[in-house]
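Visitor: Hi! I'm new to reading protein structures, could you walk me through this one?

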Amino acid sequence: MSNAPAEEIPAEEIDLTEANQIIDKYLTLPGNLMPVLQGIQDAYGFVPKPTIDLVAERLNVYPSQIYGVLTFYAQFHLKPRGKFIIRVCVGTACHVQGAERITETFFGRLGIGHAETSEDLRYTFEKVACLGACGMAPLAMVNDDTYGKMTVQKVDEIIETYNARPMK
């Protein structure tokens, strides 16, 4: 696994049918850019470049305006992300309880660092400022599943669990 960012999917491999359906749904509503972009991200898992060009054309906005929205809001992603998003809290409570050791263990086991995605698109790893459960520190999440009182052994168990899950 590499520390290089995930390669962008070539434009010819992006089916724009779903993006067009999402745009159609919001086309006549005022303030439609955010719901269109959210719908596209939900459908594709990220916002592919060809969809940005399509949205710009169909909503009559500049691509630079769309990029401004996409880069301002942390909820949007311009590259493919893993099926399993691993987040480790590095806030104060988690930090003093060993979050750095947990983070480094995930890095070592997965071969990816902060804000990186594995080449097979199974995992994306993120360090986050707070997950809001300080009493369970150190804390990790995989998608919507929460793992408190994290240990190095639990890191291995988590990875084993998600490696066994199908990609589709």
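Guide: Happy to! Let's begin with a term: two strands pair if DSSP finds at least two bridges between them. Helices (H or I, at least four residues) and strands (E, at least two) are DSSP runs, numbered from the N terminus. This is a predicted model, where local features need pLDDT of at least 70, side-chain atom pairs count only at pLDDT 80 or more, and totals for chains, interfaces and linings use all residues. Residues are numbered from 1 along each chain as its sequence is written, and side-chain values use heavy atoms, leaving out hydrogens and water.

Visitor: Okay, so how many bridges join strand 1 to strand 3?

Guide: Six bridges join them, and the two strands run parallel. In that pairing, I86 sits opposite F125 of strand 3.

Visitor: Let me zoom out. How many helices and strands does the chain have?

Guide: Seven helices and five strands. Reading from the N terminus, the order is α-α-α-α-β-α-α-β-β-β-β-α.

Visitor: And what order do the strands take in the sheet?

Guide: The five strands form an open sheet in the order 2-3-1-4-5, and the pairing is mixed. Strand 2 (116-117) and strand 5 (145-147) are the edge strands, each pairing on one side only.

Visitor: Which way do strand 4 and strand 5 run relative to each other?

Guide: Antiparallel, with three bridges joining strand 4 (residues 140-142) to strand 5. M141 faces T146 of strand 5 there. Helix 6 (residues 99-110) packs on this sheet and touches strand 1 (84-89), strand 3 (123-128) and strand 4. A contact here means heavy atoms within 4.5 Å. The direction of helix 6 makes about 155° with that of strand 1. Axes are lines fitted to C-alpha atoms, for helices over the stretch in contact, and angles run from 0 to 180 degrees between N-to-C directions.

Visitor: What about the other edge, how do strand 2 and strand 3 pair?

Guide: Two bridges join them, and they run antiparallel. T117 has T124 in strand 3 as its bridge partner. Five residues lie between the strands of this hairpin, and L121 takes a positive phi near 60°.

Visitor: Why is strand 3 described as largely enclosed?

Guide: Because five of its six residues are buried, strand 3 is largely enclosed by the rest of the structure. Buried means under 20% relative accessible area, exposed means over 50%, and partly exposed is in between (1.4 Å probe, protein chains only). In the whole chain, buried residues make up 41% of the 168 residues.

Visitor: New topic: charges! How many salt bridges are there?

Guide: The count comes to six. A salt bridge is a side-chain nitrogen of Lys or Arg within 4 Å of a carboxyl oxygen of Asp or Glu. In general, side chains of opposite charge can pair when their charged atoms come close.

Visitor: Cool. Which residue does E126 meet in a salt bridge?

Guide: R81, at 2.7 Å from N to O. The pair links distant parts of the chain, 45 residues apart: E126 is in strand 3, and R81 is in the loop between helix 4 (63-72) and strand 1. Both E126 and R81 are buried. There is also a network of salt bridges that links R81, R87 and E126.

Visitor: And what does D53 pair with?

Guide: D53 forms a salt bridge with K49, and their closest N and O atoms are 3.1 Å apart. The two are separated by about one helical turn, because they are four residues apart in helix 3 (residues 49-59). D53 is partly exposed, with a relative accessible area of 35%, and K49 is partly exposed too, at 38%.

Visitor: D145 has a salt bridge as well, right? Which residue is its partner?

Guide: R165, with the closest N and O atoms 4.0 Å apart. D145 lies in strand 5 and R165 in the segment after helix 7 (152-163), 20 residues apart. D145 is partly exposed at 32% relative accessibility, and R165 is partly exposed at 34%.

Visitor: Last one: how is the chain divided into domains?

Guide: Into domain 1 (6-72) and domain 2 (84-164), with bounds that come from an automatic or database domain assignment. Their C-alpha centres lie 30 Å apart. The C-alpha trace of the chain spans about 50 × 30 × 25 Å along its principal axes.
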